[in-house]
Protein chains: 2
Amino acid sequence: MSNFGFTHLRLVNPYDVAFREARSAIRAQHVLEGAEVFDSLAAAIADCNLVVGTTAASGHRDLHSPLYRVEAAGSLLREHLAHSPAALLFGSEKFGLSNDDLSHCHWLLRIPTRAEHGSMNLGQAVAICLYELCRDAAAVTHSFDPAPRASAEHYERLTELLLDLLARSGYTNELTSHSTALKIRRLLLRAAIPDADAETWLGILRQILWNVKQTAP
Amino acid sequence: MSNFGFTHLRLVNPYDVAFREARSAIRAQHVLEGAEVFDSLAAAIADCNLVVGTTAASGHRDLHSPLYRVEAAGSLLREHLAHSPAALLFGSEKFGLSNDDLSHCHWLLRIPTRAEHGSMNLGQAVAICLYELCRDAAAVTHSFDPAPRASAEHYERLTELLLDLLARSGYTNELTSHSTALKIRRLLLRAAIPDADAETWLGILRQILWNVKQTAP
């Protein structure tokens, strides 16, 4: 909750030992110290006009309520939270929400887990639901600005240096072979060198070449 | 991992006590029993041609590598996993990945946590990353088929029954008042009764009306 900026934690008849231990959570003290304890679910959700339950069920149980995947539930909850308070209900680690609890819910959500292993760790389920509420769909399309690649001029100088070096090192023996030059140029192009790294690579090749020339017999 | 169907767990110098305890995880035994242990990160990732690191950093540390939000990282990883193996690296609960570890990564991802509380619980961070890999963007738009509402005919019968009941109960005293009828009709329309519930509501009103008629003086 603290990671994603949610502060209103409400607990219904919490297990005191676990709750007191949790209070030591680093950097989340403000959430736990502000937590409100209720002795009934009805009291805990009284001021909310949308109540959403979480369930691992994908059909075994007769749910009586609409069931949405968390991807869809997230956008509906976000819309609602823009103007009104909503409650997102989680059951106990062991049993989840009871049928009584579920009857208070306008609708339910589930995380798309495998059918063979549907039930999740409580903390992980909460983290995923709150992440989905904070998720920025625009971040998917806007983030992929690949680093600009080195210019053709840089590539050409790299190719020349590498060809010189390879000839002097005995890797290629026909210095003038046109097809060797083409192979090396294509080899370098496939390596996708970022523009910001071009000078470093040129420096490396120059240094090796200088050293090879110095030690040449 | 088991919840989302990921099975290849690789551990580099794990803390044995914690690892042995984790092996008792219900329904995730197949993941833990199949886990491979390595004594160096290089050995653990040797057969992967994409290595992605996770970090809580949002700029404090000089990262030297491209850093994407998990929303964007998820789609890039998914594309890669369609044809080649990738490694997703998580550091220890306490310290995260070291600079040595990060130098093995092609790029890094971060979960969009609050700047004031960036560092996440390890299990929750893993859950969110794997959820993002399984997330179905289409589920957002395809899930909201609201239940069809009761027909105008049902609404009209409900309005009539309720008007009759309210008049007999003394809630309205002018049975013939046209504006009262309009108010009640609008009141019911705003209640958005699902089609599947219309007969139940009609039955309830009829029963109450019958009872009121029986007990009328």
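**Reading an interface and its sheets**

Modeller: Let us start with the charged pairs, where the count between chain A and chain B comes to 2 salt bridges; please keep in mind throughout that this is a predicted model.

Biologist: Which residue forms a salt bridge with A:Arg135, and how far apart are the closest N and O atoms?

Modeller: The partner is B:Glu132, and the closest N and O atoms of this salt bridge are 2.7 Å apart. Polar contacts are counted separately, and across the interface of chain A and chain B the rule finds 20 residue pairs of that kind, with both residues at pLDDT 80 or more.

Biologist: Which elements give two or more residues to the side of chain A that touches chain B?

Modeller: Those elements are strand 4 (67-69), helix 4 (70-81), helix 6 (122-134) and helix 7 (138-142) of chain A, and the largest share, 7 residues, comes from helix 6 of chain A. Sorted by character, the residues on this side of chain A divide into 18 nonpolar, 12 polar and 8 charged.

Biologist: How should I read the size of such an interface, and what area do chain A and chain B bury between them?

Modeller: In general, the size of an interface is often given as the accessible area lost when the parts come together. Here chain A and chain B bury about 3,300 Å² between them, and 58% of that area lies on carbon and sulfur atoms. Counted by residues, 38 of chain A are in contact with 38 of chain B.

Biologist: Turning to the sheets, what is the order of the strands in the open sheet of chain A, and is the pairing parallel or antiparallel?

Modeller: As a general idea, strands of a sheet pair through backbone hydrogen bonds, either parallel or antiparallel. In chain A, the open sheet of 4 strands has the order 4-6-3-5, and its pairing is parallel. Strand 4 and strand 5 (86-89) of chain A are the edge strands, each pairing on one side only, and the twist from one strand to the next averages 30 degrees. Within this sheet, strand 3 (residues 50-54) and strand 6 (residues 107-110) of chain A are joined by 3 bridges, and A:Val52 stands opposite A:Trp107.

Biologist: What does the open sheet of chain B look like in its strand order and pairing?

Modeller: Chain B has an open sheet of 4 strands in the order 4-6-3-5, with parallel pairing, and its edge strands are strand 4 (67-69) and strand 5 (86-89) of chain B. Between strand 3 and strand 6 of chain B there are 3 bridges, and B:Gly53 stands opposite B:Leu108 in strand 6.

Biologist: Which strands of chain B does helix 4 of chain B lie across?

Modeller: Helix 4 (residues 70-81) of chain B lies across strand 3, strand 4, strand 5 and strand 6 of chain B, running at about 100 degrees to strand 4 of chain B.

Technical notes. Residues are numbered from 1 along each chain as its sequence is written. Chains are lettered from A and ligands numbered from 1 in the order in which they are written. This is a predicted model: local features need pLDDT of at least 70, side-chain atom pairs count only at pLDDT 80 or more; totals for chains, interfaces and linings use all residues. Side-chain values use heavy atoms; hydrogens and water are left out. Contact means heavy atoms within 4.5 Å. Buried area is the accessible area (1.4 Å probe) that two parts lose on being put together, summed over both. A salt bridge is a side-chain nitrogen of Lys or Arg within 4 Å of a carboxyl oxygen of Asp or Glu. A polar contact is a pair of N or O atoms within 3.5 Å; within protein, one must be able to donate a hydrogen and the other to accept it, and residues adjacent in sequence count only if both atoms are side-chain atoms. Ala, Val, Leu, Ile, Met, Phe, Trp, Tyr, Cys and Pro count as nonpolar, Asp, Glu, Lys and Arg as charged, and the others, Gly among them, as polar. Two strands pair if DSSP finds at least two bridges between them. Axes are lines fitted to C-alpha atoms, for helices over the stretch in contact, and angles run from 0 to 180 degrees between N-to-C directions.
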